Amino acid sequence: MAFSQSEHDFFELLKGDINGCPICSLEEERVKRSMKVLLYESITKRQFRKDIRFSRICRKHYDMFNQSVKEDLTVAGLGPAIIFWDMIKSQSEEMDKNPLFKKRQKSQDCYFCSYLETLPERITQSAYNVLKDPKGTKSFKDTQAVVCFDHFERLLKVAGKNKDKAFIHTIQPIQKAKLERLTDQLRQFIDKHDYANHVKITQEEALSLKIAFQTLLKI
Ligand SMILES: [Zn+2]
Ligand SMILES: [Zn+2]
């Protein structure tokens with residue numbers, strides 16, 4: 001089966017050196033890319049300017065944007081500066097006209113949350129398409145990657161919609177084994193904190209704490 005672009009990207013991620021949730025990784029990469037495209041390349045698009053003008057930015061997207069700017073130092077701040085200028089100026093003027101900000105009520109949520117609303121569903125669908133392919137199943141089994149609980153539930157939901165019991169029977173034991181491995185590593189990490197212990201904590205055991213945290217992340 002030929003993979004689409006997203007599926008291909010997900011498959012490449014699985015083959016790479018990943019230890020947390022590969023679906024979270026792909027989603028994060030897509031969100032950052034969309035934000036960059038919007039804030040840097042869409043300043044001339046009237047509809048976008050109109051839509052974002054009276055909206056706000058949630059904490060998650062604020063953090064992601066800051067992070068992506070740090071990762072890519074070649075991007076200049078001109079695009080976002082123009083958009084933020086517009087947003088603040090418009091909202092400040094609105095404040096003069098109407099202290100209760102009535103105009104904002106339609107779009108008081110984070111612009112990026114609404115814009116990217118269907119992204120998690122699309123990403124999970126791509127991940128499902130890859131994971132049900134024998135090549136994808138094998139790569140997932142071979143990597144250190146563990147799918148977070150939220151994404152795993154979404155995957156099972158997609159499989160359920162497709163009446164794909166075979167997928168559930170294949171993927172469930174693999175994920176289960178990964179979770180067992182993770183809890184074993186965490187247990188080692190915990191036990192080695194005993195005062196009587198003199199064996200050093202391995203890197204994998206230390207990493208298990210971070211992965212456990214990610215596995216419980218609410219997406
Ligand atoms: Zn995830
Ligand atoms: Zn948001």
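## Zinc ion (ligand 1)

In this predicted model, the zinc ion (ligand 1) is held by the protein donors Cys21 (SG), Cys24 (SG), Cys148 (SG) and His151 (ND1), which lie 2.1 to 2.3 Å from it; donors are N, O and S atoms within 2.8 Å of the metal (3.2 Å for Na, K and Ca), and sites may look incomplete because water is not among the atoms. Along the chain these donors follow the spacing C-x2-C-x123-C-x2-H.

The angles among the four donor atoms run from 102 to 114 degrees, and the site is tetrahedral, a label given to four donors if all angles lie between 85 and 135 degrees. Of the donor residues, Cys21 counts as buried at 5% relative accessibility, and Cys24 is likewise buried, with a relative accessible area of 18%; buried means under 20% relative accessible area, exposed over 50%, and partly exposed in between (1.4 Å probe, protein chains only).

## Zinc ion (ligand 2)

Coordination of the zinc ion (ligand 2) is by Cys58 (SG), His61 (ND1), Cys110 (SG) and Cys113 (SG), at 2.0 to 2.4 Å, and the site is tetrahedral, with angles of 101 to 115 degrees among its four donor atoms. The spacing of the donor residues in sequence is C-x2-H-x48-C-x2-C. Because Cys58 lies in the loop between helix 3 (46–53) and helix 4, and Cys110 in the loop between helix 5 (78–97) and helix 6 (111–115), the pair ties together parts that are 52 residues apart in sequence; helices (H or I, at least four residues) are DSSP runs, numbered from the N terminus.

Cys58 is partly exposed, with a relative accessible area of 22%, whereas Cys110 counts as buried at 7% relative accessibility.

## The largest pocket

The largest pocket has a volume of about 590 Å³ and is lined by 22 residues, of which Cys24, Glu28, Met64, Gln214 and Leu217 lie nearest its centre. Here a pocket is an open set of points on a 1 Å grid where a 1.4 Å probe fits, with protein on both sides within 12 Å along at least five of seven lines, and lining residues have an atom within 4 Å of a point.

Helix 2 (22–41), helix 4 (59–71) and helix 11 (203–215) are the elements that give two or more residues to this lining, which draws at least three residues from each of domain 1 (22–115) and domain 2 (119–215); the domain bounds come from an automatic or database domain assignment. By class, the lining has eight nonpolar, six polar and eight charged residues.

## Basis of the values

Residues are numbered from 1 along each chain as its sequence is written, and chains are lettered from A and ligands numbered from 1 in the order in which they are written. Local features need pLDDT of at least 70 and side-chain atom pairs count only at pLDDT 80 or more, while totals for chains, interfaces and linings use all residues, and side-chain values use heavy atoms, with hydrogens and water left out.

Note on methods
Grid points are joined across faces, edges and corners, and a volume is the space filled by probe spheres set on the points. Ala, Val, Leu, Ile, Met, Phe, Trp, Tyr, Cys and Pro count as nonpolar, Asp, Glu, Lys and Arg as charged, and the others, Gly among them, as polar. Four donors count as tetrahedral if all angles lie between 85 and 135 degrees; four count as square planar and six as octahedral if opposite donors are over 155 degrees apart and all others between 65 and 115; anything else is irregular.
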